[in-house]
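Got the viewer open? Here is a short walk through the model, one selection at a time.

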Amino acid sequence: MNDFNTLRVLVTGGAGFIGSHLCEALLTQGAKVAVLDNFDPFYPRASKEQNLAFCRSLPGFSLVEGDLRDADLVGRLFGEFRPQAVVHLAARAGVRPSLDDPALYADVNVRGTTVLLEAAHLTGVKNFVFASSSSVYGNRNTVPFRESDNTDFAVSPYGATKKAGEVLCHSYHQVYGISTACLRFFTVYGPRQRPDLAIRKFVRLALAGESIPVFGDGTTRRDYTHVRDILTGILGAIRWGQSPEPRYGIFNLGSSHPIELRELISLIGDCIGHPVETKSLPFQPGDVVQTFADSSLAEQELGFKHDVNFRDGLKDFVAWMKQQTEG
């Protein structure tokens with residue numbers, strides 16, 4: 001049985017990195033997908049248009065360009081498309097940029113999420129998936145990170161807005177019976193990764209023969225998770241939300257295998273065939289020392305799998321980057 005055949009799914013931020021992969025997965029399994037995306041200039045529109053090229057060739061796909069905070073637009077979209085599930089990926093992203101414009105991050109990530117939840121409530125949508133982040137954990141010495149850990153101490157406005165989103169989702173679940181899965185993504189990488197994220201930035205610099213910036217002493221660790229693995233969690237969350245009884249859950253989606261920054265740089269050198277130069281810079285405000293997911297709950301409840309070995313995933317990503325450069 002195909003859980004997604006003819007299912008109507010609204011994906012916010014569907015022209016982005018994770019969203020475009022999700023849309024392809026849903027469409028190829030027979031779902032009808034509507035994307036809401038404002039093509040924010042955080043990175044070039046051309047990249048997002050390219051992300052959606054395959055989706056546009058498939059039946060059942062539609063795109064609405066607009067702002068998540070536009071309640072009238074969102075209300076019309078819900079009324080016309082009549083989604084049965086919502087996957088809310090749209091957000092102002094990035095820890096460091098959130099320090100420069102915290103008010104914008106709060107407006108988009110908190111008010112925008114509220115607009116979407118209210119539209120879901122008013123139109124009777126009972127299946128809501130919210131993209132949260134490992135940033136909600138802040139700086140923690142105890143690992144691995146578990147969903148039951150205290151997340152009251154985010155160290156960036158971005159992390160704080162994601163925690164606020166989780167709390168908003170819980171209120172709409174509690175009051176209106178909307179089944180909601182909050183997915184805490186741990187440093188997602190793979191083809192189409194955003195240009196501002198570390199792996200893509202580092203590989204681009206290495207391929208160009210330029211130095212890679214190392215903030216701090218190089219011992220920070222990140223739980224890099226391949227986008228193919230992330231999809232198993234998102235698709236599992238949509239299935240989980242189809243339960244006749246209202247549910248609320250928070251789930252870590254991570255590889256549970258942190259990679260030290262120095263090791264990442266060394267592995268990039270291995271993939272491109274020669275060592276890369278580095279330059280030392282001060283540790284950045286808002287950054288955390290480590291992320292490390294305990295993903296056992298997502299494995300049990302959502303069928304989440306983290307099967308892509310980091311070395312293999314990085315090798316494939318470098319090959320994709322070379323293709324982009326040559327193209």
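Start by selecting V129, which sits in strand β5 (residues 127-133). Keep in mind as you click around that this is a predicted model. Is V129 buried or exposed? With a relative accessible area of 2%, V129 is buried, since anything under 20% gets that label.

Now show what surrounds this valine. Leaving aside residues up to four places away in sequence, V129 touches V86, V87, H88, A181, L183, A237 and I238. Add W240 to the selection and draw a C-alpha to C-alpha distance: V129 and W240 are 9.8 Å apart in space, though 111 residues apart in sequence.

**Along α9**

W240 is a good handle for the next stop, as it is one of the buried residues of α9. Select residues 227-240 to get the whole of this helix, 14 residues in all. From first C-alpha to last, α9 reaches 20 Å, close to the 20 Å expected at 1.5 Å a residue. How many of the residues of α9 are buried? The count is 11 of 14, so the helix is mostly covered. Besides W240, the buried set includes V227, D229, I230, L231 and G233. Two partners of V129 from the previous stop, A237 and I238, are also among the buried residues of α9.

**Across to α6**

Next, pick residues 102-123, helix α6. This one has 22 residues and reaches 31 Å between its end C-alphas, close to an expected 32 Å. Colour its buried positions: Y105, V108, N109, G112, T113, V115, L116, L117, A119 and A120. What covers them? The cover includes β1 (8-12), α4, β4, α5 (95-100), β5 and α7, so you can bring up β5, the strand that holds V129, alongside this helix. Step past the end of α6 and you land on G124, with a positive phi near 80°.

**Then α1**

Select residues 17-28 for α1, a helix of 12 residues. Its C-alpha span is 17 Å, close to the 16 Å expected at 1.5 Å a residue. Why call α1 largely enclosed by the rest of the structure? Because 11 of its 12 residues are buried. The buried run takes in F17, I18, G19, S20, H21, L22, C23, E24, A25, L26 and L27. Just after α1, look at G30, where phi is positive at about 95°.

**Backbone oddities**

Time to check some backbone angles. Most residues other than glycine have a negative phi, and most peptide bonds are trans.

- Click R82, in the loop between α4 (71-81) and β4 (85-88). Its phi is positive, about 50°, and it is not a glycine.
- Go to P144, in the loop between β5 and α7 (157-176). The peptide bond from V143 to P144 is cis, with omega near -5°.
- Finish on R192, in the loop between β7 (188-189) and α8 (198-207). This arginine also has a positive phi, about 80°. At 17% relative accessibility, R192 counts as buried.

**Into a pocket**

Stay on R192, because it leads into the second largest pocket. About 240 Å³ of space lies in that pocket. Of the 13 lining residues, the closest to the pocket centre are Q50, N51, R192, W320 and Q324. Which elements give two or more residues to the lining? They are α2 (45-51), α3 (53-56) and α12 (310-326), and α2 gives the most, with three residues. Colour the lining by character and you get five nonpolar, five polar and three charged residues.

While α12 is on screen, select D312, which is in that helix. D312 is partly exposed, at 47% relative accessibility. Its C-alpha lies 9.7 Å from that of C271, and the two are 41 residues apart along the chain.

**Zoom out**

Finally, show the whole model. The protein has 12 helices and 13 strands. Its C-alpha atoms fill a box of roughly 55 × 45 × 40 Å along the principal axes. The radius of gyration is 19 Å, which agrees with the value near 20 Å for a compact globule of 327 residues. Buried residues make up 54% of those 327. Of the contacts with a separation of 6 or more, 83% join residues 24 or more positions apart.

Conventions. Residues are numbered from 1 along each chain as its sequence is written. This is a predicted model: local features need pLDDT of at least 70, side-chain atom pairs count only at pLDDT 80 or more; totals for chains, interfaces and linings use all residues. Side-chain values use heavy atoms; hydrogens and water are left out. On a 1 Å grid over the protein atoms alone, a cavity is a set of points where a 1.4 Å probe fits but cannot get out, and a pocket is an open set with protein on both sides within 12 Å along at least five of seven lines; lining residues have an atom within 4 Å of a point. Grid points are joined across faces, edges and corners, and a volume is the space filled by probe spheres set on the points. Helices (H or I, at least four residues) and strands (E, at least two) are DSSP runs, numbered from the N terminus. Ala, Val, Leu, Ile, Met, Phe, Trp, Tyr, Cys and Pro count as nonpolar, Asp, Glu, Lys and Arg as charged, and the others, Gly among them, as polar. The expected span of a helix is 1.5 Å times one less than its number of residues. Buried means under 20% relative accessible area, exposed over 50%, partly exposed in between (1.4 Å probe, protein chains only). The radius of gyration is taken over C-alpha atoms; the globule rule is 2.2 Å times the number of residues to the power 0.38. Contact means heavy atoms within 4.5 Å.
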